[in-house]
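User: I would like to go through the labels used for this structure and see what each one rests on. Please set each value against its cut-off.

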Amino acid sequence: MVCDQYQCSVSQPLVELYSGEATLRSIWDKAPSFTWTAAQIYTVWVSFQVVLYMCVPDITHKFLPGYAGGVQDGARTPAGLINKYEINGLQSWLITHALWYANAQYFHWFSPTIIFDNWIPLLWCTNILGYAVSTFAFVKAYLFPTNPEDCKFTGNVFYNYMMGIEFNPRIGKWFDFKLFFNGRPGIVAWTLINLSYAAKQQELYGYVTNSMILVNVLQAIYVLDFFWNEAWYLKTIDICHDHFGWYLGWGDCVWLPFLYTLQGLYLVYNPVQLSTAHAAAVLLLGLVGYYVFRSTNHQKDLFRRTDGKCSIWGNKPTFIECAYRSGDGGLHHSKLMTSGFWGVARHLNYTGDLMGSLAYCAACGFGHIHPYFYIVYMTILLVHRCVRDEHRCSSKYGKDWKRYTDAVPYRLLPGIF
Ligand code: NDP
């Protein structure tokens with residue numbers, strides 16, 4: 001609503017509320033409501049992504065060297081199960097974007113500004129899906145859980161709804177809620193939403209600003225990286241440790257597509273043209289951040305895949321041997337690496353992610369606070385995630401985790417935090 005009614009100025013509505021010129025009710029009343037057009041667009045969108053996910057087995061891994069698609073194993077669940085996943089996100093992204101391009105260039109079935117033009121009505125539709133999915137997952141956990149031994153009932157119904165009960169809810173053998181909702185309706189849409197914003201700038205002003213191009217390019221790198229590494233994603237906290245509830249279900253359907261794309265939205269209302277030096281600095285920050293993010297993640301992945309038999313920064317990696325027990329009482333062994341980026345700090349992948357996030361915000365100039373929401377949010381998300389993860393690792397590895405934190409004392413910024 002700040003964007004829709006106040007050109008993305010956060011202070012203006014506050015001033016109007018304070019002076020009595022506007023009320024929360026009058027702002028709410030001016031917000032576009034649900035429309036059947038948006039409902040149709042969203043239904044077609046989600047159905048299309050379901051079809052791509054379920055019915056088009058991956059072939060890209062057959063001709064893209066180094067890409068791990070097709071059927072892949074997930075990590076061991078707390079109950080000791082290993083799920084199989086059909087990894088075809090990159091292919092879905094490519095098909096979707098090829099169709100988007102073909103439509104914009106040749107078919108003209110719909111305007112490339114379609115997403116921007118239906119933005120708030122789409123917000124209501126995504127909320128319907130977000131709450132429906134979370135509620136379905138909640139009820140399913142009680143009535144027909146996929147793997148009952150991996151369910152977590154805490155005794156607090158509100159917590160169960162928010163944080164989820166089932167670990168890997170599925171319909172049938174392959175429709176995995178976490179993999180589908182984490183990646184498909186939201187992250188495939190992310191780059192299309194940005195393209196729609198760029199098209200809107202073109203329509204409104206007759207040009208696309210360099211800031212909009214930077215946001216599109218830097219975020220597209222992040223999205224493509226996500227799909228290129230989708231198999232690796234099976235080993236991240238979302239899939240490996242979080243249960244599927246409102247936090248993931250609503251977050252993936254609503255929070256991600258609407259709040260991760262605020263910079264592009266801001267630039268539609270405020271077409272910032274950056275100086276060459278400013279644009280170059282943003283690009284550099286974004287690329288360095290991406291490099292740290294990707295290399296750190298890659299190092300851990302390589303280390304874990306090869307069980308430490310690899311080279312990190314030209315040397316054999318050092319590590320701490322750990323032991324832990326899974327829910328079924330089985331004793332397992334693991335290793336925590338203490339070299340490469342993982343020897344500098346315990347979560348430099350988050351630091352790189354934050355540098356990239358800051359770059360998206362800085363691409364919008366310094367005129368408003370609104371586009372900086374993202375870096376504030378990501379800092380809270382990743383610091384909280386870091387603390388949450390470390391708490392879990394500490395319970396999992398006990399004194400071995402203490403040995404690791406003694407060897408690598410800082411979390412995100414060496415010498416500071
Ligand atoms: P990590 O990939 O850092 O995984 C943490 C896990 O790695 C730990 O639980 C532990 O698992 C293992 N681990 C920790 N330290 C070591 C070590 N020294 N050596 C080997 N293994 C170790 O975290 P996430 O899954 O949260 O993040 C993955 C990426 O996704 C990050 O780059 C993050 O920035 C990004 N991300 C982005 C988000 C966004 O909204 N844009 C949201 C969330 C994440 P184990 O139990 O196996 O030992």
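User: What makes the pair formed by the side chain of Asn-349 and the ligand a polar contact?

Analyst: This is a predicted model, and in it an oxygen atom of the ligand lies 2.9 Å from an N or O atom in the Asn-349 side chain. A polar contact is a pair of N or O atoms within 3.5 Å, so the Asn-349 pair counts.

User: How do you know that the side chains of Arg-392 and Tyr-260 qualify?

Analyst: By the cut-off of 3.5 Å again. An N or O atom in the side chain of Arg-392 is 2.7 Å from a ligand oxygen. For the side chain of Tyr-260 the distance to an oxygen atom of the ligand is 2.5 Å. Both values are within the limit, so both pairs are polar contacts.

User: How much of the ligand does the protein cover?

Analyst: On its own the ligand has 920 Å² of accessible area, and the protein covers 93% of this.

User: Which elements supply the shell around the ligand, and which gives the most?

Analyst: Two or more residues each come from α16 (276-305), β6 (331-337), α18 and α19. The most come from α19, with eight residues. There are 27 residues around the ligand, and Tyr-260, Tyr-350, Asp-389, Lys-396 and Tyr-397 come nearest. By class, the shell has 14 nonpolar, five polar and eight charged residues.

User: Why is α18 called roughly antiparallel to α19?

Analyst: Helix α18 (residues 348-362) packs against helix α19 (residues 373-397) at an angle of about 170°, and their axes are 9 Å apart. Angles over 145 degrees count as roughly antiparallel, so α18 and α19 get that label. On the α18 side the contact includes Tyr-350, Asp-353 and Leu-354, and on the α19 side it includes Met-378, Leu-382 and Arg-385. By class, this contact has 10 nonpolar, two polar and two charged residues.

User: Why are α6 and α11 called oblique to each other instead?

Analyst: The axes of helix α6 (residues 89-107) and helix α11 (residues 210-228) cross at roughly 135° and come within 7 Å. That angle is not over 145 degrees, nor is it under 35 or from 65 to 115, so the pair is oblique.

User: Which residues meet there, and what classes do they belong to?

Analyst: Gly-89, Leu-90 and Trp-93 in α6 meet Val-223, Leu-224, Phe-227 and Trp-228 in α11. The contact of α6 with α11 has six nonpolar residues, one polar and no charged ones. Gly counts as polar, so Gly-89 is the polar residue here.

Key:
Residues numbered from 1 in each chain as written. Predicted model: local features only at pLDDT ≥ 70, side-chain atom pairs only at ≥ 80, totals over all residues. Heavy atoms only, no water. Axes fitted to C-alpha atoms, helices over the stretch in contact; angles between N-to-C directions. Helix = DSSP H or I, 4+ residues; strand = E, 2+ residues; numbered from the N terminus. Contact = heavy atoms within 4.5 Å. Near = heavy atom within 4 Å. Polar contact = N/O pair within 3.5 Å; in protein donor to acceptor, adjacent residues only side chain to side chain. Areas by Shrake-Rupley, 256 points an atom, 1.4 Å probe, with all protein chains shown as cover.
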